[in-house]
Amino acid sequence: MKKLFILLVIGGMTLTAGAQKIGHIDSAALIEVWPGKDDLVKQLEAVQAELEGVLKQLQNDYVKLAKEIETKQKEWPKSLLELKVSELQGKEQDIARYQQSAQNDLAEKESELFQPVFDKAKEAIEKVAKANGFTYIIDSSVGVLLYAGGEDIMNLVKAELGIPLTAAPSAGQ
């Protein structure tokens, strides 16, 4: 009796699993062929260049003051030397704070630029999944795909988004 019950449970799981349709997509590859992605990348790179320019100026000011301290430390009174060293330490802290802040600003800008793309891609994936009867869609770009036996829905999603099916990843990325 116990063996019959186990066989029925296993058989039921097999039938349930067989009824589920699983697909997969490489969302990173989808973003690579996204129309307008290169413009978004250029905007992000412009912000990064601006932030790096400010950082370079902060670093130049730090180096200039450090060199001044090095060359004049013997001729300055102790109180002036202590003031300049304290100023140098403050510049060092400013640089560290700015680097952290700039990283946060860059991440926020990246999110601001690309979130609409991610949202539209997700919406298209959901629409394709519903229209084609998929129970699960696995994103193979994040390294969780253990078996690629499901149906790759990349071309279906591209068609939904109006992306040409032959679009290759953009150059320089």
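**Confidence, a bent helix and parallel strands**

This is a predicted model, and its chain averages a pLDDT of 86, with 82% of the residues scoring at least 70.

Me: Which element of the chain has the lowest mean pLDDT?
Reply: Helix α3 (residues 37–72) sits at the top end, with a mean of 97. At the bottom end the mean is 46, and that belongs to residues 2–19, helix α1.

Me: Over which residues does pLDDT stay under 50?
Reply: Look for a stretch where the model has zero contacts beyond four places in sequence. Where pLDDT is low, the predicted coordinates shouldn't be read in detail. The stretch in question is residues 1–15.

Me: What span does helix α4 reach from its first C-alpha to its last?
Reply: α4 covers residues 78–131, so that's 54 residues, and at 1.5 Å a residue the expected span is 80 Å. The model comes close to that, reaching 78 Å.

Me: Where does α4 bend?
Reply: There's a proline to use as a landmark, proline 116. It follows within four residues of the bend, which is about 45 degrees. The bend is at phenylalanine 114.

Me: Which residue with a positive phi follows α4?
Reply: Go past the end of α4 and check the backbone there. The phi is near 75 degrees, and the residue is glycine 133.

Me: Which residue in β2 is the bridge partner of isoleucine 22?
Reply: Strands β1 (residues 22–25) and β2 (residues 136–139) run parallel and are joined by four bridges. In β2, isoleucine 22 is partnered by tyrosine 136.

Me: And which residue in β3 is the bridge partner of histidine 24?
Reply: β1 also pairs with β3 (residues 151–152), in the parallel sense, over two bridges. For histidine 24 the partner in β3 is aspartate 152.

Technical notes
Residues are numbered from 1 along each chain as its sequence is written. This is a predicted model: local features need pLDDT of at least 70, side-chain atom pairs count only at pLDDT 80 or more; totals for chains, interfaces and linings use all residues. Side-chain values use heavy atoms; hydrogens and water are left out. pLDDT is the predictor's confidence in each residue, from 0 to 100. Contact means heavy atoms within 4.5 Å. The bend at a residue is the angle between axes fitted to the seven residues ending there and the seven starting there. Two strands pair if DSSP finds at least two bridges between them.
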